[in-house]
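Biologist: Could you take me through one part of this predicted model closely, namely the second largest cavity and what surrounds it? I would like to know which residues line the cavity and how they divide by class.

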Amino acid sequence: MYEKCYEHNIELHNVFIDFNQAFDFINRSTIIQALKELQIPGKIVRLVNMVTQHIKAKIKLNNEYTEQIDVKTGIKQGDPLSTILFSTIMESLMRKLEIRGNITTRLKQDCVYADDVVLVTRTKQALIDTFQKLKQEAEKNGLTINQNKTKYMRHSRMQINGKDKELEI
């Protein structure tokens, strides 16, 4: 992607997004909603609903357990189903950004792997607009963006002393 944009002298604006404790704060009701939006069969949706609702836990302190508490948010890391459910949430969230095609033919593109997201746009304003929409949609799902770990990068080609140079900032 960067190589093609370099060849065609297209400036790119990127934001690398990190979510705060992504698996811990997922809103479980939005999981069910996302499954329905993605047209997952009703039987699977009902099964997922059964295994993600009414979760209880005890905490061990000084070799003693506390009373049971209700766990109302999050999904268990390491559970094979959790990665699928998290990916479903991310797919639903990214579809709401309405990004189609790739950066060589469009104004914006996203790249997502688990909870790692990079938004790539041709203009800074498109990046700001897309980032704000992502932030709003993420918050509806219980996800918050970690401001300290989220980074911006501009990627462009410049001429220095008559020669093209790639400059990353």
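Modeller: The lining of the second largest cavity divides into three nonpolar residues, three polar ones and one charged residue. The residues in question are Cys5, Tyr6, Asn9, Ile10, His155, Ser156 and Arg157, and the elements that give two or more of them are the helix α1 (2-7) and the strand β8 (151-160). Of these, β8 provides the largest share, with three residues, while the space that they enclose in this predicted model has a volume of about 30 Å³.

For comparison, a search of the whole structure finds two cavities of 30 Å³ or more, and the largest of them holds about 40 Å³ of space. That largest cavity is lined by Thr30, Gln33, Ala34, Glu37, Ile89, Ser92, Leu93, Lys96 and Asn141; α2 and α4 each supply at least two residues of this lining, and α2 gives the most, with four. By class, the lining of the largest cavity has three nonpolar, four polar and two charged residues.

The helices α2 (28-37) and α4 (80-95) also each supply at least two residues of the largest nonpolar core, a core of 29 residues in which Ile17, Phe19, Leu119 and Leu143 are those with the most contacts. To this core α4 gives the most, with six residues. Apart from it lies another core, of six residues, and here we return to the cavity you asked about, since Cys5 is among the residues of this core, together with others including Leu12, Ile103 and Val118, and Cys5 also lines the second largest cavity.

Terms used: Residues are numbered from 1 along each chain as its sequence is written. This is a predicted model: local features need pLDDT of at least 70, side-chain atom pairs count only at pLDDT 80 or more; totals for chains, interfaces and linings use all residues. Side-chain values use heavy atoms; hydrogens and water are left out. A nonpolar core is a set of buried Ala, Val, Leu, Ile, Met, Phe, Trp, Tyr and Cys residues joined through side-chain atoms within 4.5 Å. Buried means under 20% relative accessible area, exposed over 50%, partly exposed in between (1.4 Å probe, protein chains only). On a 1 Å grid over the protein atoms alone, a cavity is a set of points where a 1.4 Å probe fits but cannot get out, and a pocket is an open set with protein on both sides within 12 Å along at least five of seven lines; lining residues have an atom within 4 Å of a point. Grid points are joined across faces, edges and corners, and a volume is the space filled by probe spheres set on the points. Ala, Val, Leu, Ile, Met, Phe, Trp, Tyr, Cys and Pro count as nonpolar, Asp, Glu, Lys and Arg as charged, and the others, Gly among them, as polar.
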